[in-house]
Amino acid sequence: MDIYQEAVHYLETQHVPVVVEAETDVLEEDVFQEEAASCIFSPFQAESLDFPDTPTSCSPEEMLERRLVVLKGILESEEVYLRELEALLMPMKALRASAGTSKPVLSSRQVQTVFYQVPELRDMHQSFYSGLKAQLSTHCKTDPSSGEERQMSHTGFELIVGDLFLKMVNQIGLYGGFIENYEEAVEVVHKCTQSDPRFRTLAESMMTNNGADKARTKYTFEALLYKPLDRVTKTTLVLRDLLKTTPEEHADYAALQEALRLSRSFLSGVNESSQCKREVMLSHGMRRQLMRDGFVVDVSEGERSLRHLFLYTDLLLCTRFKHATRGKQDQYRFCWYLPLAGLKLRWVADHERSSDTHLRLHTIRAKMFILRQQLQQQVGVRGMNLGARSRKKLEQMELLLLTHSPVYRLELHSPSGKNHTLLFSSMYELEEWREAIHKLTTDNIETVPPDLLTLTSACVKLRMTQQPPLQSSNAEDMESLCGTLTVAIHSAWGLQQPTCVYMCVEVDGYEFYDTKAQTHSSVHSLNPHWDQELSFQVDGAQNVKVLCVSQSDRQVDTVLGKTTLRLDSKSLNKRWRRQTLQLGQVEVTLSLKYNPHPLNLPSSTAQQQPVFCVPIESVAQHEGVLVPHVVRCSVEEVERRGMDEVGIYRISGTTGEINMLKAAFNSNLREAVTRLRSAEVNAVSGVLKLYFRELPEPLIPTELFQSLATTLDIQDINSRLVSMLSLLQSCPEANRHTFLYLMHHLQRVSEKQDVNKMSLLNLATVFGPSLLRPPVAGLGHCGPAVDISQEVEVQVQVVFCYLQCNNLPEAQISVAHDTDAEDETTHM
């Protein structure tokens, strides 16, 4: 005898009338076969149909075909939901009858509480189901052949269901009463399940017929009570899917729009009124309120796990999310908790990854890219089964990437000695969590020991985040970006004190490629300048997040400000758009440009282009500047701490340290600048000299050597300088501005020659042979040969003459980012 029959027998022995139906097979799993079979087409499932937001992206005939599929899915889902409501109402009559006996299972008040508004909801959905079924039955009687497309299209326009949806939504207020009563109803079920074995037997084994096969599905009372709550929250999604497949000229369009508006308005009101339900009463009149929740990666014994983190006013609760099987509701399992009192926070960026991790992430991204391409190609009804499977696989790949890609660590240190580490893939998200936790820890809240079982169980009702942030779960936005987005970070001002600062830029969308990038760290300054371009390959990008981060000498990073910028595909194009963003007290100037194009399969060997032994014009063009970053950063570092160094540029650093810096600049600019900050200053000056020495073509082109040598014979100094500056103007832009930038720097170095012992002549002697080289015989040189004994003298004297010039033109460091005429600087 199964548990259901035991419950019936027990109730009968207690003289509680129960209607016993004929025995049929009982399904072991808590799912409907029909629901499982139709879930791909049902808009109430997580993997609902994902039609484009713009109805005009396909023909009206195709839209009407899709609309019919959505309506059939809604009808099947309504049938399942009605059977669940009938199963919930099945014991109501018997329980009401027993309420008048001397040994009631539930009191009359408890019966009213448990079944409040459920009969009315059943009647409302029964009326909607009957009307929709009749309309679809009438429509499906006309089954046009493939040659009757005109008739099919006409019939599709004649299928009118908007009034049915509008009528149902106008009665959606019934759910308001059910929602207000829900917690009390669940409390009654819990209480009676624990205190009365008769009700416990019934509540743990409720049955419902499962369609034509007469099989049964087993539910718990509480799972069935949750069904209406789950149903109403998806009403808006259903109407949105239906509206997306309804042509604007269809007679249903206006009615469905109104139904969607009313549904959204109702759910918005429910959300506002439920804010108070996020509070949990504690002893001594205190309240524990949920402040924030979301999915993070928890690191335990070297293993990464995706967890749902809940931040309350006095503690952090980490849980393991268990997605509901059909017939049950979502559950959470306790992992750990930390009181906020005395909690210390520390965050670091761990960008170092093993080769195995790099390979694994590349494999995941490549699979995601292929699945994404398949989804975009599967258009139309025939591809929906395959599309649903591809979307499910894409979600699984995104979850893997979400677990294994994060590099930002937030370390939590409790006074009790318990420590935990959380990982984030976004610095912006990490900073939001850090700010929220830090604000609460400074309030000195005394933690009341929680009932962990109750607190964990309440997470289902309290949560504000329903699922991990997966791009594949979002509806397609036709205005999102797909192509190359370039962000040029220019400068910042508004710092309270001189500090090293870098900018972090993050874009959303699919993470087939790196979606985060950072500038190099600036020197100590109140107004740092970078003029550095960051390029992203994006798919589905809608927002860019910008953070300004200071870096102390102890390599401790502090976020000074952050903001989010909405990306508008209509205003962004291949021309630069300059904007000014407000990040707290800091203002940052940047430019954006966007080039839409199809994307290629992600490459596992994407590396920074080397800068040493590469023509300076190529480096400057790649970096989007006129003075390469290796020159600027080295000069800034020398001026920061090397101006008083005796023999600067004459005394070289160690070969090993110089080669280490060279390798860093060839592979990762940000890492190179970080190493530059701690390198011995003579190694910094040494890497700058090495860069000029290893240029394939000297900074001053070889063809100018003879002309410059001739100018040295001009006796009048002013005439000589005019001639030399004229020759300099004929140099390529990058060469000319880099040379001028270096000359101004060396003049500033010589101003301290009393300390560093480096005069203009000394500096010219060091740099002359690297900046100017004689032509090589036999390589197209047709001028008179230069005596080899005079080469070094010419090299030194030419540079010396330029250094003696007091009116050298100023160097232009970066390329002018021209904007459209109508664009203006925007303060965000």
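Visitor: What makes leucine 306 the bridge partner of valine 297, and how do the strands β5 and β6 pair?

Guide: In this predicted model, valine 297 has leucine 306 of β6 as its bridge partner. Strands count as paired if DSSP finds at least two bridges between them, and β5 (residues 287-300) and β6 (residues 303-312) run antiparallel with 10 bridges, so they are a pair by that rule. Strands here are DSSP runs of E with at least two residues, and helices are runs of H or I with at least four, numbered from the N terminus.

Visitor: How do you know that β5 pairs with β11?

Guide: Strand β11 (residues 419-424) is joined to β5 by 3 bridges and runs antiparallel to it, with leucine 422 as the partner of aspartate 298.

Visitor: Why is cysteine 482 called partly exposed, and why is cysteine 548 called buried?

Guide: Buried means under 20% relative accessible area, exposed over 50%, and partly exposed in between, with a 1.4 Å probe and protein chains only. Cysteine 482 has 29%, and is therefore partly exposed, while cysteine 548 has 0%, and is therefore buried.

Visitor: How many disulfides does a search of the whole structure find?

Guide: With a disulfide taken as a pair of cysteine sulfur atoms within 2.5 Å, the search finds 0.

Visitor: On what terms were these values computed?

Guide: Local features need pLDDT of at least 70 and side-chain atom pairs pLDDT 80 or more, while totals for chains, interfaces and linings use all residues. Residues are numbered from 1 along each chain as its sequence is written, and side-chain values use heavy atoms, leaving out hydrogens and water.
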